[in-house]
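The following exchange asks how certain descriptions of a protein model are justified. Please keep the structure in view while reading.

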Amino acid sequence: MALLEVDHLSVTYTPRDQPANRAVHDVSFHISEGEFVGLLGESGCGKSTLGNAVLRLLSPPARITGGRVTFDGVDLTTADEEKLRELRWVDLSTVFQSSMNSLNPVIRVHAQFADTFAAHKVPGDVTERATELLELVALDRRVLRAYPHELSGGMKQRVALALALALRPKLVLLDEPTTGLDVVVQRGILTRLAELRRELGFAVLFISHDLGTVLEMADRVMVMYGGEIVEDRRAADMLREPRHPYSRGLLGSYADPRLPDVRVSYIPGRPPDLSRPHTGCLFAARCPHVEDACRTTHPDLLPDRHGLVRCLVAQSDRLPVVTLGSADAATTLGSHFPATGTLDRPADAAEAAPVLTVTGVSKRYTTRRGLRTSSVEAVRDVSFALRPGVVTALVGQSGSGKSTLARIVTAVERPTSGEVRFTGDDGTDVRVDRLRGAALRDYRRHVQMVFQDPFSALNPTRTVAYALSRPLANFAGLRGAAARERAAQLLESVGLAPAGQFLDKLPHQLSGGQRQRVVTARALAPDPRVLIADEPISMLDVSIRAEILELLGDLVRDRRLAMLYITHDLLSARLLADEVLVLNQGVLVERGPTREVIGAARDEYTRLLLDSIPNPFAKAAAG
Amino acid sequence: MAPVAYFVRRFLFFLGTLWAAVTLNFLIPRLQPGDPAEAIVSRLAGQSESIDPAQVQAIRVMLGTPDGNLFDQYVQYLGAVLHGDFGISYTYFPYSVTHMIGQALPWTVILVGVTQIISFVVGTLLGTWAAYRRNSRVDSVITLGSTFLGTLPFFWLALLLVYVFAITLRWFPERGGYGGGSSPGWNWLFISDAFQHSVLPAVALLITGPIGWIIGMRNNMVQSLGEDHTRLAVARGLPRRRVAITYGARIAILPNVTGFAIALGGILGGTVLVETVFNYPGMGRLLLESVSSRDYPLMQAIFLFTTIGVLVANFLADLLYGFLDPRVRKVESV
């Protein structure tokens with residue numbers, strides 16, 4: 001008997017004033033002792049709901065509407081509170097998403113360990129045990145005396161992992177454990193997790209949208225779409241030959257940035273609305289291989305080449321063969337996005353006169369603690385130039401000074417030394433670091449931002465038309481019907497057509513990708529010369545990231561914009577950027593054309609960044 | 001940052017605000033048009049008759065109206081405030097303002113202070129209970145019940161109490177702080193008499209007092225029970241009650257602590273409505289009388305007292321908050 005058996009489990013959300021939403025539908029799977037299983041899916045596919053249902057942590061309006069979860073012979077769906085409480089953490093523990101919020105903010109780390117031991121009547125000295133556990137995750141015992149807000153995101157996540165292993169459970173459920181963490185920090189935690197699993201032998205259910213991580217870590221991978229499991233097979237097989245068109249699409253959105261020819265694909269469209277009844281395959285609307293039968297018959301999850309797949313086309317072996325990452329994959333998968341190296345660029349782009357020049361810029365922050373002052377040099381002697389029609393990527397870990405540079409370029413902050421020059425269309429030359437008042441305002445119309453989080457970058461109570469009308473009124477003096485007309489043009493230029501459908505929508509009525517398009521349209525409204533994109537795709541689903549990159553790439557080419565693309569994601573930098581600047585602790589350590597810097601990194605730090613990217617292909621090649 | 005530095009910073013901030021409040025209290029009346037001495041004389045004499053300069057001068061001398069330039073007055077004023085000297089009351093001449101406030105203050109502090117503390121404790125407990133049993137019958141009764149009581153006008157409730165328990169049933173005296181038979185002092189007769197008199201106003205305050213705390217506590221706690229760290233505590237197998245107290249109530253109470261401190265500070269201003277309805281000899285009634293008889297020194301002193309009360313209470317809340325919420329001790333980077 002397997003350790004965890006999930007049997008025809010369904011979970012439905014029944015909010016008071018909205019139609020019921022079947023988030024998880026008829027899901028069955030099992031996990032054996034010591035097995036590492038990945039659960040892969042995009043936001044809204046039901047993977048976290050499934051995780052919470054397994055832990056019996058669902059809160060209203062979500063509830064289990066069918067099926068059973070059996071853990072080690074105990075039916076969790078019917079177990080009473082006390083029985084459940086005894087089993088929790090002793091046998092089944094969890095680490096939540098690194099939302100920085102899974103530790104109680106008002107008590108010390110020590111107390112959170114003490115709470116856990118006390119609840120299960122573990123004898124012995126709390127400090128001693130907790131110190132041992134922290135050593136497992138390579139943390140110093142001083143952490144015990146800290147409050148959660150005094151720890152970094154990576155440290156908090158390590159504490160959460162140590163806490164999860166406190167009672168030596170048989171199964172650990174990890175829900176997006178490294179999402180939001182820096183790639184180097186993530187690498188550290190994942191390496192430690194793999195070692196601990198070998199040492200302690202616990203089973204893992206690893207829930208994530210990050211395909212690279214899941215495929216690298218897991219023995220077996222389940223792909224979830226629209227509340228159903230659509231594919232379930234060994235990770236190595238999944239890499240070699242994914243059988244569900246959706247799995248193929250996801251895998252197509254991933255590539256090794258170091259390869260000479262990098263191509264990714266994306267899946268057009270958006271996930272199904274689960275509050276409406278569906279007939280046929282849930283993926284049919286987005287599927288490149290859709291057949292007539294798919295629209296009328298709902299496929300079952302059936303055995304297929306040592307795994308399970310829920311696809312009529314695959315089950316009848318009519319799925320076209322595809323080599324992921326190859327040129328012909330694009331035609332088979334429907335849409336694709338080749339890396340910039342293979343894109344047509346205006347030949348003069350590299351020689352064009354720079355529109356923005358940063359020369360020897362440093363920024364020092366001073367902190368005062370009582371009478372002592374200490375200073376941190378966030379950026380040291382950085383120089384670069386942005387040219388029209390060229391994307392310059394600025395890559396580095398969090399804390400490397402990327403955002404400080406963005407604030408200096410947008411004149412939100414002034415550098416401590418060095419200069420920033422902007423050359424206007426008419427050849428006028430401005431010292432950006434000395435601008436004030438009206439001149440500053442005038443400068444800002446030329447330099448616009450695309451923000452990281454499209455969910456908080458738009459006022460939730462205002463329509464799209466209003467969001468776009470603000471910069472139009474402020475910078476172009478357009479109002480009323482003229483502004484509305486211009487807003488519609490902007491929406492169409494970012495691929496939201498027909499614009500009439502979007503103008504009067506509120507942000508919550510749009511998908512993440514659509515919101516990011518609106519944010520981009522708003523940045524384009526004053527007709528800027530320079531676009532600063534700060535991690536514009538990191539909050540978006542994997543399957544649509546390439547779509548936004550493609551949009552940004554097209555805008556740069558068509559409008560001859562200069563773009564500073566800030567990211568920690570080297571794959572996207574490889575795809576979008578013409579040149580790359582690598583920033584480490586405020587210093588530029590490497591720079592050059594993208595293909596050279598990423599394909600053949602010379603600096604040690606650049607190589608560290610590259611090596612930290614989860615790379616399932618390396619594992620497949622080694623195994 | 002060491003907690004000591006946090007407390008030192010809060011204290012300096014407190015001193016700064018206090019100085020600003022005292023200064024404003026000095027400036028605002030002097031920026032108003034008109035001469036208080038002339039106002040008194042014309043009120044005494046009636047509008048029709050002309051004002052005798054000698055009379056005005058006499059009143060000035062009697063009231064001790066200051067002379068010298070504004071800065072000298074300010075220095076004198078600061079010195080007087082430090083000594084607790086607020087001058088002489090116009091209406092209760094020859095009693096000093098300090099004496100009048102000293103008479104009224106204990107009545108208010110005891111009545112309102114005690115009921116505020118009880119309201120806070122009861123309200124917080126009921127709110128916690130409602131959140132703990134969210135969406136149950138207990139929650140509905142507590143939440144709907146307190147919302148209903150909160151919509152009733154306070155003065156109407158108070159009058160109802162007077163009508164039923166004082167006039168109809170004659171269980172309690174209907175007005176005043178103590179009866180004619182006793183005189184203030186530490187004797188049993190007076191204390192039991194004062195207690196009898198305070199029951200009805202206290203009940204009136206206690207009916208409406210906890211409502212804000214109940215609603216605030218319940219909503220905060222429902223939110224903190226939905227946080228990830230609370231769900232993780234449940235997943236860790238912590239007993240339900242422990243989760244509710246350490247992870248739910250412990251965090252939910254924080255905003256209420258600030259609210260409570262401000263409410264305690266406001267006591268010094270009195271509760272005008274309740275003291276008027278019950279004709280209770282506290283600060284609220286004193287304030288009302290000083291306003292209606294234009295007793296400027298008394299008014300000014302009461303305002304100053306109220307401000308200082310709120311400031312001190314806020315300062316204490318800050319200190320308490322420093323202990324309750326480690327996050328606020330964090331250094332603010334420049």
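The questions and answers below set values against definitions.

This is a predicted model, in which local features need pLDDT of at least 70 and side-chain atom pairs count only at pLDDT 80 or more, while totals for chains, interfaces and linings use all residues. Residues are numbered from 1 along each chain as its sequence is written, chains are lettered from A and ligands numbered from 1 in the order in which they are written, and side-chain values use heavy atoms, leaving out hydrogens and water.

Q: Why is strand β3 of chain A called mostly covered?
A: Buried means under 20% relative accessible area, exposed over 50%, and partly exposed in between (1.4 Å probe, protein chains only). In β3(A), residues 36-40, 5 of 5 residues are buried, so the strand is described as mostly covered.

Q: Which residues of β3(A) show that both faces are covered?
A: Phe36(A), Gly38(A) and Leu40(A) are buried on one side, and Val37(A) and Leu39(A) on the other. In a regular strand, side chains alternate between the two faces of the sheet.

Q: What makes β3(A) and β8(A) a pair?
A: Strands are DSSP runs of E with at least two residues, and helices are runs of H or I with at least four, numbered from the N terminus. Two strands pair if DSSP finds at least two bridges between them. β3(A) and β8(A) (residues 203-208) have 5 bridges and therefore pair, in the parallel sense. Phe36(A) stands opposite Val204(A) in β8(A).

Q: How many bridges join β3(A) to β9(A)?
A: There are 4, and these strands run parallel; Val37(A) stands opposite Arg220(A) in β9(A).
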